[in-house]
Amino acid sequence: MESTKVKQLRPSAGSIKEDYSNNEELIKRDSIKDSPFEVITKEGKSFGVMGNYRLTEESKDAESVKSELEKITWNRIIQVVMILNELKEKLNIKKEEKV
């Protein structure tokens, strides 16, 4: 039996090398040492996150976001407490559903 090759469509995308070398990084994630925070850079804009929760406004400078996240302020403390509380509530809901 004769094998047929199928053409793959890749609209507006360049070729991707098998080893993924020299491919552009779409999202950059930098962890902040000794903290639960990370700086996400996407399309030239950076913002701070804790897990899936965004903490800061977008900025063109990743270093300014990092320095903002390294500051311990009341606002940051309240954000972290609220995130932890929401995660705890979600966990309790999942436990109740299993029962």
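Strand E2, covering residues 37-42, and strand E3, covering residues 45-50, run antiparallel to one another and are joined over 6 bridges in this predicted model. Where the two strands face each other, Lys42 is placed opposite Lys45 of E3. Against this part of the fold lies helix H1, residues 62-70, which packs on the sheet by touching both E2 and E3, and whose direction makes about 160 degrees with that of E2.

The E2 and E3 pair belongs to a wider arrangement, an open sheet of 4 strands in the order E1-E2-E3-E4 with antiparallel pairing. Strand E1 (27-31) and strand E4 (53-54) take the edge positions, and because each has a single partner strand, one side of each is left without a neighbour in the sheet. Followed along the sequence, the chain shows the pattern β-β-β-β-α-α, which accords with its content of 2 helices and 4 strands.

Two residues help to show how E2 is set among its surroundings. Thr41 has its place in strand E2, and its side chain is joined to that of Ser46 by a polar contact of 2.8 Å. Leaving aside residues up to four places away in sequence, Thr41 touches Leu26, Ile27, Lys28, Ser46 and Ala62. Val39, under the same exclusion of residues up to four places away, has a list of contacts that includes Lys28, Arg29, Asp30 and Ile32, together with Ser46 and Phe47, and further Ala62, Val65, Lys66 and Leu69.

Val39 also leads into the interior, where it is one of the 10 residues of the largest nonpolar core. The other members of that core are Ile32, Phe37, Met50, Tyr53, Leu55, Val65, Leu69, Val80 and Ile83. At least two residues of this core come from each of E2, H1 and helix H2 (74-98). In soluble globular proteins, nonpolar side chains tend to be buried together.

Some totals for the whole chain complete the picture. Of its 99 residues, 20% count as buried, a class that requires under 20% relative accessible area. The chain exposes about 9100 Å², of which carbon and sulfur atoms supply 53%. Finally, among contacts between residues at least 6 apart in sequence, 22% join residues that are at least 24 apart.

Technical notes
Residues numbered from 1 in each chain as written. Predicted model: local features only at pLDDT ≥ 70, side-chain atom pairs only at ≥ 80, totals over all residues. Heavy atoms only, no water. Pairing = 2+ DSSP bridges. Contact = heavy atoms within 4.5 Å. Axes fitted to C-alpha atoms, helices over the stretch in contact; angles between N-to-C directions. Buried < 20%, exposed > 50% of the residue type's maximum accessible area, 1.4 Å probe, protein only. Areas by Shrake-Rupley, 256 points an atom, 1.4 Å probe, with all protein chains shown as cover. Polar contact = N/O pair within 3.5 Å; in protein donor to acceptor, adjacent residues only side chain to side chain. Core = buried A, V, L, I, M, F, W, Y, C linked by side-chain atoms within 4.5 Å.
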